[in-house]
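Here's a walk through the model, chain by chain and then across the interfaces. Have a look at the structure first, and then we'll get into it.

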Amino acid sequence: MSPVEYEPVIGLEIHVQLKTKTKMFCGCELSFGDPPNTHTCPRCLGLPGSLPLPNARAIHYGLLIGMALECELAPRSIFHRKNYFYPDLPKGYQISQYDEPLCGPGRLGDVRIHRVHLEEDAAKLVHVGASGRIHASDASVVDFNRGGTPLAEIVTEPDVTSAEHAREWLTLLRTTLRQLGVSDVNMDEGSLRCDANISIRPKGETQLGTKTELKNMNSFRFIERGIRAEVARQEEILRNGEQVVQETLHFDPRTEAITSLRSKEEAHDYRYFPEPDLVPVTITSDMLDTARAALPELPAARQERFEALGLQPDTARQLAWRSELGDYFETALQANGDAGSPQAVANWVCNELVARIGDEDPAGSKAAPGAVAALAGLVERKAVTPNNAKLVLDKLVNDGGDPAQIIEAEGLGALADDGELEGIVEAALAANADAAEKIRGGNMKAIGPIIGHVMRETKGRADGGEVTRIVREKLGL
Amino acid sequence: MPTDLTAVQAAEAVRAGELSATELFDAYRERAAADDLNAYTWVADAAPTEAPPADAPLAGVPVAIKDLFCTEGVPSQAGSRILEGYLPPYTATSVARLAAAGAPLLGKTNQDEFAMGSSNENSGYGPVLNPWDRTRVPGGSSGGSAAAVAGGSAPWALGTDTGGSIRQPAALTGIVGLKPTYGAISRYGMIAFASSLDQAGPLTRTVADSALMLRHLQGADTRDMTSVGLREEIVLPTAERLDGIKLGVPEELSGEGIEPGVRDAFERSLQLAEELGATVESCKLPHAPHALSAYYILAPAECSSNLARFDGVRYGQRVEADTLMDMYTRTRHDGFGPEVKRRIMLGTYALSSGYYDAYYGRAQRVRTKIAEDFAAAFERFDFVVTPTSPSVAFELGAKTDDPLSMYLNDFCTVPMSLAGIPAISIPNGLSDGLPTGLQLAAPAFAENKLLDAAHALEAALGFQRLDQRETVA
Amino acid sequence: MIDREQVLHVARLARLELTEDEVEHMTGELSKVLGHIDKIAELDLDDVAPTSHVVTVENALRPDEPEPSLPRDVALASAPAVSDDGFLVPSPQAG
C-alpha cells in the first residue's frame, strides 16, 4: 500500500493597518516610533465618558480595498463590541465588525475573499520583567500610541494550496494594497500581519480536516516556513494515526518550533453585541463615486498593459506584482529617448538590477531608471557586449552615473566594425594552430581557446558571435 | 432671598441688575456646603472669579451636576468607589454648554453607583436623604440632584435618566424632572451606564426652568455621533389651558401596582386636565408589561461592557496582585458595590454564548414592539400620561434586600426610555404628606409641546414645593 | 434560573471575584430576577426586527483631521501604577 498523499487547505486572515492621518475612533495622530503614550486622548485611553468617532477616511479606505478585491460592498454595515479583558484593550472591548461587515465576498487572483471588515488595533504591551513597583514578580508596560489605529481585516476562503502559494498570493495582496495607498504594508513595522488557518486532507477528498490557526507571522519568509512546518506537523500526526487538535499556534522562526498558544483560561466568549455608541454606516453613491475615482491601476490591469507593450507574461507579472519595480520600469521607458525595447529594459530591471538590489526599492538605488534604460539600448545596438554591460551596471548601482560615459572612461565599448577585430582573430588562429585545425575538421567546440584569446586581447569588448563568424570565414567553413 | 427665586427668575434678576451673580452663587454655595442630606460629593470653594458676560442667557445661575458628568480637575466618581478621587482631564459637553451659557458649577451631586438604582442607596458615598422625610429615600439614580433642588441648596441640577433616573427622584422629592428625546443632548463626558438609553436632563423647581436649561443643553455634538439635537429651539412655556389636547392613559401603567394614594392624586390631576379643556381616555400599550424585562436585559448587557474599562490599569482604584487575573478580579470585587456587580453579572450572562438570542435578541425585539405601541398611541393622543412612580418615597433600607422589588419601581418610566421619547414628571400633589409625580410622555422631538402642557398642568395644580413651604414656615 | 456553576463562569468572564457568600447571594438574586425576565419568552417575536438604537441617523463620521493629544503626564496622571513612560500591569504571561 502506498502512503496517503495529503494536500493542505489554507485560509489567510490579514490585518492591515490603514494609513490614515488619525486613529480609527479619535483624532490622535498615528505614529511609529514616537515616545510611548504621547498619542493618546480620552477616547483611545477609554476614559470614562468618552465616545468613539469613526474616521471617514478609514471607511473610504475600506471601500477601496473592497473594490480592489472585487467584494460585494454592504449597503449598510454596523460596528459591534468584542468583549474581553486585556491590558492592551483600554475599553475592555474592541470595536470591530461582526455579522454585518463593510465588504462581503470577493476575489483577488486565484483566491476568493470571504469578507473585509474594519476595526481598531490594540495597544502595545512591553514586557519589562521584574518590577519593584507592584507586587508582581513580572510586569508589563502598556503604550497606547498604537491603540486605536485603524485596521482592515481581510479574510480569505480556504483557497490557498501551499506555503509557496500563500507567499505568492500575499505578495499580490501587498502590492494591491500598496497601489491603493491605503497602508504602508510593512511587515517589520506590523502594518501588515498575517494569521493562517491550516488543515490537510488526503488528496482528492473534499471534506476539510481539523484546522489549526498559526498566529502573527511577521514576514513573508516566516509565513512560508511556518505553514510548511505546520503542514509537515499535521501530516506526521495523521500518518501516526492520531488526530489534529483544533488550537491556536505560534511559530518561532529561529527554532522552527510550533507551540500551542492555548491559555489555561476558559475558551473565549466575546459576547458580541451592536456598539450602541455608533450608528450604522450606509454607503452612499457619493462615497462609492469618490472611492471609484480614487481607485488606481491594480496589478492585474497593469500586467495586461505591460503585456500589450510586448513583454513576456512572466516579466509583465513580475513588474506588476512588485509595484516598485513596475514604477521603475515605467520611469525608465519614459526617461530616455535612446532606451532599449520594453522587453530589453524589463529584462535588465527584472534580472540584472534585481540580482543586485534584492528586495530593496529600486527607486532608492543609485542607478537611475534612465541610465538602465540607456544601457539596455546600448546593448541592443551592440555598442557594448552583454558581459561588459553587467560591469557597467555594477558601476551604476555602486556609484550612479551615465552608462555611455562609464563605457568611454573604462574602455568597455564594443569594437568598432573597422577590421581591427579581423586582425586580432587572424592572430588568434595563428597562435592556436591546433585548435584551428580541429575546427576545420568540423569540431566547433574547439573554438573556445580562439575566443578566449580574442577576448583577452580586446578586454572583453569583442562580440562573441562576430568572432565566431570571422573564424568560420577565415577557415573557409 | 435670592435662593427663593426659580432659575428663570434669578437669571432675569441678575440681568436686570437687581442681583449680583456672585451673591447668588455664594448664597447657594453656603447652602450646599451646609447640606446635611448627603446630596453632594463635592462643592465649589468659591464663586467663579470672573462674572458671566452681561449677555449670558443663564446669567450666572449656578448648577448642581450629577457626579457622573466629567468635570475637568473636579472629582467625577459616578458614585463609585472604583473612581474615588478620579479627576478627569476633560469636561462633558453638556456641562461645558451650561457653563458657556452662564451657569457655573456649584457642586457635584451624589447618585446611585454608575446610575444603577432607584433609591440612591447604591452610592459608594452613602445614601442621600429625602428632604421631605429624612428616613426615606429621595429616589434614584439622580437622587443627589433631586434632593439638592428639592431641599433648596441648588436652584437647579443636571441629572441623567436611563430608565427613570431623573423622573422618579423628581417625583419622590416634589420637583420637575425632564428626560428629553434620546439624542437631544450630547452624552460626551457622561460616564456611561447603558449607552443606548442614557440621556441627560434637567431637575428643576418649575417646568419653565426645565425648558430654560434644555434650551442650552440640547444640540447635536460632533463629539457624540448619536447626538442629533432637537429640531426646533426650546421656548419658555406659556400655555395655561389644554383645550383640544388628547391625553391617553395606558391601562397597563396606571392600574395594578400603583399605590392607592398615588392613584388618587393621579386621578385628581386627570380631572384637572379635563377642566383645563383636555380630553382624557384610556389607551393600550400592550407590550408595556414586558418593558421592564427588556430593560433589565438591555441595560445590564450594555453596562457589563461599559464597565469593563474599570480594570485598574489607566485610572481609578486598583487592588495589587501578582497576576493580571487576580489584579482584575480583586480590583473589580472591591471597587464595585453589590448592585453594580449584580447588573454586570446579569448583563454578562445575557450576552454570553448560548443565551444571546433568548435574552438580548428578544429584548431588542420587545423594544421594537414598545416603540410601535407608543407610535400607535400617538396617532390618537397628544400625550400619554401615567403616575411617575407607583409609590411615594419609601423608607431607607426597605428594598435593599430585594433587587426585584426595587426594579419593579421603574415600571412606569422604563417604557419611554426604551422608546427614546421625551417624558416629564411634575409634582402631582401629596399622598400621606409625601410628593407624588405625574408623568407626561410625548412623541420624539415634541419637547416644546410637552413643556407647554406640563406648564399648564403645573399652574393649575398649584403644588407647593418644599423650598416654598420652608420659606413660609 | 441560574446555578452556582453558571454564576462562577459568568463572574470569571466579567473578571469579578466573588466570595463564597456572594456566590450564594448572587445565585439566588439573579435567579429571581431571571424568573421575572423569562416572561418575554412567551411573546411571539418571530417577525419583529430588533432595535439597537432609537436614533435614525446614519453615517455619522469624523473627518480624518488630527486633534491635539494629551500630554503624557496628563495621560498617566490617574494611573494606579506607572513606569517612566507607561501604564504598569502584572504581566499577562505571569502565573
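Among contacts in chain B between residues at least 6 apart in sequence, how many join residues at least 24 apart? The share is 76%. Keep in mind that this is a predicted model.

**Chain B overall**

Chain B carries 15 helices and 11 strands. Lay its C-alpha atoms along the principal axes and they fill a box of roughly 65 × 55 × 45 Å. A compact globule of 473 residues would have a radius of gyration near 23 Å, and the 21 Å of chain B agrees with that. As for burial, 68% of the 473 residues count as buried.

**The annotated spot in chain B**

Where does UniProt put the feature "active site"? An unreviewed UniProt entry places it at B:Lys66, B:Ser141 and B:Ser165. These positions span 100 residues in sequence, but no two of their C-alpha atoms are more than 11.1 Å apart, so they gather at one spot.

Two of them can be set side by side:

| Residue | C-beta neighbours inside 10 Å | Status |
|---|---|---|
| B:Lys66 | 33 C-beta neighbours | buried |
| B:Ser165 | 36 C-beta neighbours | buried |

Buried here takes 20 or more such neighbours, so B:Lys66 with 33 qualifies, and so does B:Ser165 with 36.

B:Lys66 belongs to strand E2 (residues 63-66) of chain B. If you skip everything within four places in sequence, B:Lys66 is in contact with B:Thr109, B:Gln111, B:Ser142, B:Gly144, B:Ser145, B:Leu158, B:Gly159 and B:Thr160. B:Ser165, on the other hand, sits in the loop between strand E4 (156-161) and helix H5 (167-173) of chain B. Leaving out residues up to four places away, B:Ser165 touches B:Ala115, B:Gly140, B:Ser141, B:Ser142, B:Gly159 and B:Thr160. That list includes B:Ser141, another of the annotated positions.

**The sheet in chain A**

Over in chain A, 8 strands make an open sheet with mixed pairing, in the order E5-E6-E9-E1-E10-E11-E12-E13. Strand E5 (106-108) and strand E13 (257-260) of chain A are the edges, each pairing on one side only. From one strand to the next, the twist averages 30 degrees.

Inside that sheet, strand E1 (residues 6-17) and strand E10 (residues 192-202) of chain A run antiparallel and are joined by 11 bridges. One facing pair is A:Val16 with A:Leu192 in E10(A).

Which helix packs on the sheet by touching E5, E6 and E9 of chain A? That's helix H1 (residues 56-68) of chain A, whose direction makes about 175 degrees with that of E6(A). Helix H3 (residues 220-239) of chain A lies across E1, E10, E11, E12 and E13 of chain A, at about 25 degrees to E10(A).

**Where the chains meet**

Between chains B and C, 53 residues of chain B are in contact with 43 residues of chain C. On the chain B side, helices H8 (291-306), H9 (324-335), H10 (338-351), H11 (357-380) and H12 (403-408) each supply at least two residues. H11(B) gives the most, with 11 residues. By class, that side of chain B splits into 26 nonpolar, 16 polar and 11 charged residues.

Between chains A and B, 28 residues of chain A are in contact with 38 residues of chain B. The chain A side has 17 nonpolar, 6 polar and 5 charged residues.

How values were computed
Residues are numbered from 1 along each chain as its sequence is written. Chains are lettered from A and ligands numbered from 1 in the order in which they are written. This is a predicted model: local features need pLDDT of at least 70, side-chain atom pairs count only at pLDDT 80 or more; totals for chains, interfaces and linings use all residues. Two residues are in contact if their C-beta atoms, placed from the backbone, lie within 7 Å. Helices (H or I, at least four residues) and strands (E, at least two) are DSSP runs, numbered from the N terminus. Ala, Val, Leu, Ile, Met, Phe, Trp, Tyr, Cys and Pro count as nonpolar, Asp, Glu, Lys and Arg as charged, and the others, Gly among them, as polar. UniProt positions are given in the numbering used here, feature names are shortened, and annotations may be inferred rather than shown by experiment. A residue is buried if 20 or more other C-beta atoms lie within 10 Å of its own, exposed if 12 or fewer, and partly exposed in between; C-beta atoms are placed from the backbone. The radius of gyration is taken over C-alpha atoms; the globule rule is 2.2 Å times the number of residues to the power 0.38. Two strands pair if DSSP finds at least two bridges between them. Axes are lines fitted to C-alpha atoms, for helices over the stretch in contact, and angles run from 0 to 180 degrees between N-to-C directions.
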